[in-house]
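Work through the exercises below with the sequence and the model open beside you. Each task is followed by a solution that goes step by step.

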Amino acid sequence: MYRAAAAVAARRHADAIATGESLGQVSSQTLRNLRALEAPERLPILRPVLTHSKNEILEIARRIGTYTLCEGVPEFCALGAGKPATGTSAGNR
């Protein structure tokens with residue numbers, strides 16, 4: 001997803017990528033994993049809701065009009081089999 005976001009950012013001449021990730025919302029969203037995911041990107045990764053709970057993020061999404069874009073999409077962690085890695089590194093991507 002970061003690669004896709006970087007491609008969109010390049011086409012739009014954006015100066016950063018913003019995500020809706022929340023620290024620890026799922027077990028794979030540890031600081032170590034978030035850092036490993038962003039390591040190859042040249043643009044800054046902004047996480048404005050990093051410390052918000054899932055319910056707070058959903059309320060923000062409703063307020064800014066983006067909730068309906070994602071309400072029918074399953075969470076990414078539901079797409080893979082097994083438990084997500086909680087302590088990876090950029091070399092293990």
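**Exercise 1: the faces of helix 1**

In helix 1 (residues 2–11), Tyr2, Ala6 and Ala9 are buried, where buried means under 20% relative accessible area, exposed over 50% and partly exposed in between, with a 1.4 Å probe and protein chains only. Helices (H or I, at least four residues) and strands (E, at least two) are DSSP runs numbered from the N terminus. The model is predicted, so local features need pLDDT of at least 70 and side-chain atom pairs count only at pLDDT 80 or more, while totals for chains, interfaces and linings use all residues. Residues are numbered from 1 along each chain as its sequence is written, and side-chain values use heavy atoms, with hydrogens and water left out.

Task: determine where the buried residues of helix 1 fall when seen down its axis, and what covers them.

Solution. Seen down the axis, the buried residues of helix 1 fall within an arc of 60°, so they line one face of the helix; the arc is that of the directions from the helix axis to the C-beta atoms. On the other side of helix 1, Arg3 and Arg11 are exposed. The cover over the buried residues includes strand 1 (17–18), helix 2 (31–38) and strand 2 (45–46). Just after helix 1, His13 takes a positive phi of about 55°.

**Exercise 2: the nonpolar core**

Task: list the residues that make up the largest nonpolar core, and state which helix gives the most to it.

Solution. A nonpolar core is a set of buried Ala, Val, Leu, Ile, Met, Phe, Trp, Tyr and Cys residues joined through side-chain atoms within 4.5 Å. The largest one has 6 residues in all, namely Tyr2, Ala6, Ala9, Ile17, Leu34 and Ile45. Helix 1 gives the most to this core, with 3 residues. As a next step, consider Leu34, which, leaving aside neighbours within four places in sequence, is in contact (heavy atoms within 4.5 Å) with residues including Tyr2, Glu21, Gln29 and Leu50. Leu34 is one of the buried residues of helix 2, alongside Asn33, Ala36 and Glu38, and the buried residues of that helix pack against helix 1 and strand 2.

**Exercise 3: the charged network**

Task: find which residues are joined into one network by salt bridges that share partners.

Solution. A salt bridge is a side-chain nitrogen of Lys or Arg within 4 Å of a carboxyl oxygen of Asp or Glu, and by this rule the count comes to 3. Begin with Arg47 and Glu21, whose side chains meet at 2.5 Å, N to O. This pair links distant parts of the chain, since Arg47 lies in the loop between strand 2 and helix 3 (54–64) and Glu21 in the loop between strand 1 and helix 2, 26 residues apart. Arg47 counts as buried at 17% relative accessibility, and Glu21 is buried at 13%. Next, the side chains of Glu38 and Arg47 meet at 2.9 Å, N to O. Finally, Arg35 and Glu38 form a salt bridge at 3.2 Å, N to O; both lie in helix 2, 3 residues apart, about one turn of the helix. Salt bridges that share partners thus join Glu21, Arg35, Glu38 and Arg47 into one network.
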